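The following paragraphs lead the reader through several parts of one structure. Please keep the sequence and the three-dimensional view at hand while reading.

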Amino acid sequence: MNVLEIRNLTKKFGDFVAVDNMSLNVREGEIFGFLGANGAGKSTTINMISSLLRVSKGEILILGRNIVSDSHFAKMNIGIVPQDLSIYENMTAYENVSFFAGLYGIRGALLKERTAEALEFVGLADKHKSFPKNFSGGMKRRLNIACAIAHRPKLIIMDEPTVGIDPQSRNYILNSVRKLNEMGCTIIYTSHYMEEVEELCTRIAIVDHGKIIAEGTKEQLKAIITDTKDIWIGIKSAGSQDIEPLKQIQGVTSVRLDENTIKITSKGEVNNLNRIIQQLIKDQAEIRSVEEQAPNLETVFLTLTGRNLRD
């Protein structure tokens with residue numbers, strides 16, 4: 001089942017086309033990475049999904065229902081964690097979450113329950129009477145998440161949720177994303193930290209100049225730019241090592257010696273590292289290190305878009 005469907009979506013600002021005939025599906029249970037450099041159309045798309053911007057052309061469906069004709073249903077099923085903090089500094093943590101949950105029509109005992117539940121989830125239950133103006137950056141980010149999840153949306157959009165925070169808070173938020181997903185939430189995740197996307201996301205779309213230029217799992221995206229991998233094995237004395245048996249292993253396309261390192265190029269889809277190591281052990285090589293060199297998501301992005309994510 002698709003939680004989100006985008007069909008031929010276009011957004012124009014005068015003569016400028018910010019989003020250009022984009023189509024995209026996000027399936028139930030995914031953590032979907034949505035990547036784009038500044039000005040690529042990513043934020044404009046998110047703003048249309050969340051009804052902050054009107055669509056110029058095309059349609060957006062949440063759980064099969066149009067966000068325009070069924071706007072109340074769509075809003076009830078979307079939670080937004082914006083890049084810019086959306087909390088009130090002079091209201092307590094509890095009041096912030098309660099206020100935003102109340103916007104969705106939650107009242108009475110249920111409102112109290114959901115507010116307390118959301119604060120507990122983000123680890124701020126003991127700070128419920130405290131004011132965000134006294135919080136660290138990481139605590140404010142966590143409160144921002146609590147405000148977005150108290151109404152229990154099916155789809156949560158997280159736009160740069162870890163920007164500008166300490167490593168401990170960042171790790172807490174990443175674990176929270178995983179827990180939300182395990183609880184049944186579908187998540188759209190954007191970040192300029194590519195290692196986060198590689199770690200979390202089940203599928204990824206890269207948008208550039210208002211168009212999706214690549215989409216798939218991280219393995220599929222990496223395969224777009226190369227179908228090989230490099231395996232570097234450090235040994236005590238590579239100069240006297242017989243490399244001919246390594247060349248006979250399935251998938252291996254080339255082997256060369258570089259000082260005390262054996263550098264092997266292999267077909268990416270062949271899982272042959274164990275056989276390579278077994279052959280070296282058989283040849284009585286003293287292995288010092290093993291490193292598999294494969295393109296990371298940053299390399300894929302740079303290759304496909306021609307610019308760095310932070311440009």
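Contact, as the word is used here, means that heavy atoms lie within 4.5 Å. The model under discussion is a predicted one.

A suitable place to begin is helix α11, which spans residues 297-305. Which residues of α11 are buried? They are L297, V300, F301 and T305, where buried stands for a relative accessible area under 20%. These residues cover an arc of only 105° around the axis, and therefore they are on the same side of α11. The elements that cover the buried residues of α11 include two helices, α7 (194-200) and α8 (218-225). Strands β3 (31-35), β9 (203-208) and β10 (211-216) are also among the elements that cover them.

The two ends of α11 deserve attention as well. At the start of the helix, N296 places a side-chain oxygen within 3.2 Å of the backbone nitrogen of E298. Just after α11 comes G306, with a positive phi of about 75°.

The next topic is a pair of helices, α3 (residues 93-102) and α4 (residues 108-121). Their axes come within 9 Å and cross at roughly 125°. How are α3 and α4 oriented to each other? An angle over 145 degrees would count as roughly antiparallel, and one of 65 to 115 as roughly perpendicular; α3 and α4 are therefore oblique to each other. The crossing in which α3 passes α4 is right-handed. On the side of α3, the contact is made by A93, Y94, V97, S98, A101 and G102. On the side of α4, L111, K112, T115, A118 and L119 take part.

Helix α3 also holds F100. Is F100 buried or exposed? With a relative accessibility of 15%, F100 counts as buried. Not counting residues up to four places away in sequence, F100 touches S86, Y88 and C147. F100 and I149 are separated by 49 residues in sequence, while their C-alpha atoms are 9.5 Å apart in space.

The last residue to consider is V3, found in strand β1 (residues 2-13). V3 has a relative accessible area of 2% and is buried. What surrounds V3, leaving aside its neighbours within four places in sequence? V3 is in contact with V26, R27 and E28, with L61, I62 and L63, and with L155 and T186. From V3 to N77 there are 74 residues in sequence, and the distance in space is 9.5 Å, C-alpha to C-alpha.

Methods
Residues are numbered from 1 along each chain as its sequence is written. This is a predicted model: local features need pLDDT of at least 70, side-chain atom pairs count only at pLDDT 80 or more; totals for chains, interfaces and linings use all residues. Side-chain values use heavy atoms; hydrogens and water are left out. Buried means under 20% relative accessible area, exposed over 50%, partly exposed in between (1.4 Å probe, protein chains only). Helices (H or I, at least four residues) and strands (E, at least two) are DSSP runs, numbered from the N terminus. The arc is that of the directions from the helix axis to the C-beta atoms. A polar contact is a pair of N or O atoms within 3.5 Å; within protein, one must be able to donate a hydrogen and the other to accept it, and residues adjacent in sequence count only if both atoms are side-chain atoms. Axes are lines fitted to C-alpha atoms, for helices over the stretch in contact, and angles run from 0 to 180 degrees between N-to-C directions. Angles under 35 degrees count as roughly parallel, over 145 as roughly antiparallel, 65 to 115 as roughly perpendicular and the rest as oblique. A crossing is left-handed if the near helix is turned anticlockwise from the far one by less than a right angle, and right-handed if clockwise.
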